[in-house]
Amino acid sequence: MAGPAFSFTAPLFRWEQRPAFRMVTVPRDLADHLHLAGGPPRGFGSIRVDARIGATVWRTPIFPIGDGAFVLPVKRSVRTTERLAGGDLVSVDLWPVDGPDA
């Protein structure tokens, strides 16, 4: 994985609009750095990243949520492998895929 890594810890939550989805909020203070490192936004303002929780790495977009933060969708396979449940604090590493350093 090339480019800078961004790390944070946040709770896993159920997305109200789509209850089957689980998300982690990427802190607002990382948003500017992600925009610069991630290159031009893609559909819906998303930025493609490689994400790591525990030993599990996957590629996914992160999506802006309107207040300067992003949400990271956490797939069921990741939640199962890493034994995550709603409300768990999750340590996340992100690497932008499409930026100048990628």
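The accessible surface of the chain amounts to about 5800 Å², and carbon and sulfur atoms account for 53% of it. The model is a predicted one. Of its 102 residues, 40% count as buried.

The chain contains two helices and six strands. Followed along the sequence, these elements occur in the pattern β-β-α-β-β-β-α-β. The six strands form a closed barrel in the order β1-β2-β5-β4-β3-β6, and their pairing is antiparallel. From one strand to the next, the twist averages 40 degrees. Contacts can also be considered by their separation along the chain: among those between residues at least 6 apart in sequence, 62% join residues at least 24 apart.

The individual strand pairs may be taken in turn, beginning with β1. Strands β1 and β6 run antiparallel and are joined by six bridges. Within the barrel, F8 stands opposite V92 of β6. Strand β1 is also joined to β2, by three bridges and again in antiparallel fashion. Here R14 has R22, in β2, as its bridge partner. Further around the barrel, two bridges join the antiparallel strands β4 and β5. P64 has its bridge partner in β5, namely F70.

The residue F63 belongs to strand β4. F63 has a relative accessible area of 26%, so this residue is classed as partly exposed. Its C-alpha atom lies 8.5 Å from that of P73, a residue ten places away along the chain.

Another residue of strand β4 is T60. The relative accessible area of T60 is 9%, which means that T60 is buried, since the limit for that class is under 20%. Which residues does T60 contact, leaving aside its neighbours within four places in sequence? They are I47, R48, V49, L72 and P73. Strand β3 spans residues 47-53 and strand β5 spans residues 70-73, and these two strands stand on either side of β4 in the barrel order.

The interior can be described through its nonpolar core. The largest such core has 23 residues, and L72 and L94 are those with the most contacts inside it. Two or more residues come from each of β1 (6-14), β2 (22-26), α1 (31-38), β3 (47-53), β4 (56-64), β5 (70-73) and β6 (89-96). In soluble globular proteins, nonpolar side chains tend to be buried together. Of the two core residues with the most contacts, L72 is also one of the residues in contact with T60.

Charged side chains provide a further set of links. The count of salt bridges comes to two. In one of them, D50 pairs with R59, and the closest N and O atoms are 2.8 Å apart. D50 is buried, with a relative accessible area of 11%. Its partner R59, by contrast, is partly exposed at 49%.

The other salt bridge brings together the side chains of D93 and R52, with an N to O distance of 2.9 Å. D93 lies in strand β6 and R52 in strand β3, so this pair ties together parts of the chain that are 41 residues apart in sequence. Strands β3 and β6 follow one another in the barrel order. Is D93 buried or exposed? With a relative accessible area of 19%, D93 is buried, because the class takes in values under 20%. R52 has a relative accessibility of 28% and counts as partly exposed. In each salt bridge, then, a buried aspartate meets a partly exposed arginine, as the values for D50 and R59, and for D93 and R52, show.

One backbone feature lies outside the strands. R83 is found in the loop between α2 (76-81) and β6. Although R83 is not a glycine, its phi is positive, at about 55 degrees. The relative accessibility of R83 is 75%, so this residue counts as exposed.

Methods. Residues numbered from 1 in each chain as written. Predicted model: local features only at pLDDT ≥ 70, side-chain atom pairs only at ≥ 80, totals over all residues. Heavy atoms only, no water. Core = buried A, V, L, I, M, F, W, Y, C linked by side-chain atoms within 4.5 Å. Buried < 20%, exposed > 50% of the residue type's maximum accessible area, 1.4 Å probe, protein only. Helix = DSSP H or I, 4+ residues; strand = E, 2+ residues; numbered from the N terminus. Pairing = 2+ DSSP bridges. Axes fitted to C-alpha atoms, helices over the stretch in contact; angles between N-to-C directions. Salt bridge = Lys/Arg side-chain N within 4 Å of Asp/Glu carboxyl O. Contact = heavy atoms within 4.5 Å. Areas by Shrake-Rupley, 256 points an atom, 1.4 Å probe, with all protein chains shown as cover.
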